[in-house]
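These are my notebook entries on a single protein chain. I set down here what I looked up, topic by topic.

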Amino acid sequence: MSLEWFDRVSGELQDHLQSICEKYDRNGSMIVERGSKHPRIEFYTELDDNERDYFSSLFFDPYNEEFYMESFEPDLGQISKVILSDIEDIVDAVHESFHNYLEEDDADYEYAMDMDDENDDLYDPDGGEDSDIYEIDVDWETPEVTAYIQDNEVEVTYQFGIVQETGDGVLKRINRIRTADDDLIKDETNFIFSKEEASTIIAMIASHMDSLSEME
């Protein structure tokens, strides 16, 4: 087992990444995780709040000495591996990932601007309050599914639905906590995502399941 090829590519990729990001006038960085069973390189951009937004992961199989990326195939319901045989293929794959990331980022920005415009239309200048409340109609495809429960004190459930107007997916998380006074506290959050985002999210989670810890 040798990491010589991995180390050499890691060194070259930083220069290529800088060139790719400069082309789109964006800042891109990478983290090398060398200690894993399959070492990997994580690519990300820095957000305004100093948070990292990851857009691609490149893995290395030290036994076969080959690089690969993972993608989720919705039709097959499984993760596939794309083998990258040389540095040109690797650079092209990272370039494409970054390009797709920017397209999704621009789409999210346009969606947010449209939402702002719709919210502005709801504002009633005479009354100083919204004349109506913007609601999203969701077709819930599943019932609430319990993901975690502990001694009838804490329960976490999830429910999946489709936004009628846009066809986007919705994942609703409900956290219920029963206090010592027998009061029930309910916290609900909704996460909306596109079909393209869903495959990326599933692949990222599946690739890092072994790193997660169980709830205590």
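Entry 1. Salt bridges

With which residue does Glu 42 form a salt bridge? I find that the partner is Arg 40, with the closest N and O atoms 2.7 Å apart. I note at the outset that the model is a predicted one. Both Glu 42 and Arg 40 are buried.

I then searched the whole structure and obtained two salt bridges. The other entry I record is Arg 176 with Glu 144, whose side chains meet at 3.1 Å, N to O. This pair links distant parts of the chain, 32 residues apart. Arg 176 belongs to strand E11 (residues 169-178), whereas Glu 144 sits in the loop between strand E8 (138-140) and strand E9 (145-150).

Is Arg 176 buried or exposed? Its relative accessible area is 17%, and the cut-off for buried is under 20%, so I enter Arg 176 as buried. Glu 144 has 36% relative accessibility and therefore counts as partly exposed. As a general remark, side chains of opposite charge can pair when their charged atoms come close.

Entry 2. Hairpins

I next examined how E9 is paired. E9 and strand E10 (residues 154-163) run antiparallel and are joined over five bridges. Val 145 has Tyr 158 of E10 as its bridge partner. The two strands form a hairpin with three residues between them. In that turn, Asp 151 has a positive phi of about 50 degrees.

How many bridges join E11 to E12? I count 10, and these strands also run antiparallel. Arg 173 is bridged to Thr 189 in E12. E11 and E12 form a hairpin too, with five residues between them. Asp 182 in this turn has a positive phi of about 65 degrees.

Entry 3. Ile 192

I placed Ile 192 in strand E12 (residues 184-193). At 34% relative accessibility it lies between the cut-offs of 20% and 50%, so Ile 192 counts as partly exposed. Which residues does Ile 192 contact, leaving aside its neighbours within four places in sequence? The list is Ile 136, Val 163, Asp 168, Gly 169 and Val 170. I also looked up the distance from Ile 192 to Gly 161, which is 31 residues away along the chain: their C-alpha atoms are separated by 9.4 Å.

Entry 4. Nonpolar core

The largest nonpolar core has 22 residues. Those with the most contacts inside this core are Leu 13, Ile 41, Phe 43, Leu 58, Phe 67, Leu 84 and Ile 90. Helix H1 (4-23), E2, E3, strand E4 (66-73) and H2 each supply at least two residues. Which element gives the most to this core? The answer is H2, with eight residues.

I took Phe 67 for a closer look. Not counting residues up to four places away in sequence, Phe 67 touches ten named side-chain bearers, among them Trp 5, Val 9, Leu 58, Phe 60, Val 82 and Ile 90.

Entry 5. Rings

The aromatic pairs come to 10. One of them is Tyr 44 with Tyr 54, a tilted pair at 5.4 Å centre to centre and 55 degrees between the planes. The two residues are 10 apart in the chain, Tyr 44 in strand E2 (residues 40-46) and Tyr 54 in strand E3 (residues 52-61). Tyr 44 has 6% relative accessibility and therefore counts as buried. Tyr 54, in contrast, has a relative accessible area of 32% and is partly exposed.

Which residues do ring pairs link into a cluster? They are Trp 5, Phe 6, Phe 60 and Phe 67. Phe 67 thus appears in this ring cluster and among the residues with the most contacts in the core.

I also checked for charges over rings. Lys 81 lies over the face of Tyr 68, at 4.3 Å from the ring centre. Lys 172 lies over the face of Trp 140, at 4.4 Å from the ring centre.

Entry 6. Glu 96

Finally, I located Glu 96 in helix H2 (residues 87-122). Its relative accessible area is 51%, and the cut-off for exposed is over 50%, so Glu 96 is exposed. Glu 96 and Ser 56 are 40 residues apart in sequence, and their C-alpha atoms are 9.7 Å apart in space.

Note on methods
Residues numbered from 1 in each chain as written. Predicted model: local features only at pLDDT ≥ 70, side-chain atom pairs only at ≥ 80, totals over all residues. Heavy atoms only, no water. Phe/Tyr/Trp six-rings, centres within 6.5 Å; stacked < 30°, edge-to-face > 60°. Helix = DSSP H or I, 4+ residues; strand = E, 2+ residues; numbered from the N terminus. Buried < 20%, exposed > 50% of the residue type's maximum accessible area, 1.4 Å probe, protein only. Lys NZ or Arg CZ within 6 Å of the ring centre and 35° of its normal. Contact = heavy atoms within 4.5 Å. Salt bridge = Lys/Arg side-chain N within 4 Å of Asp/Glu carboxyl O. Pairing = 2+ DSSP bridges. Core = buried A, V, L, I, M, F, W, Y, C linked by side-chain atoms within 4.5 Å.
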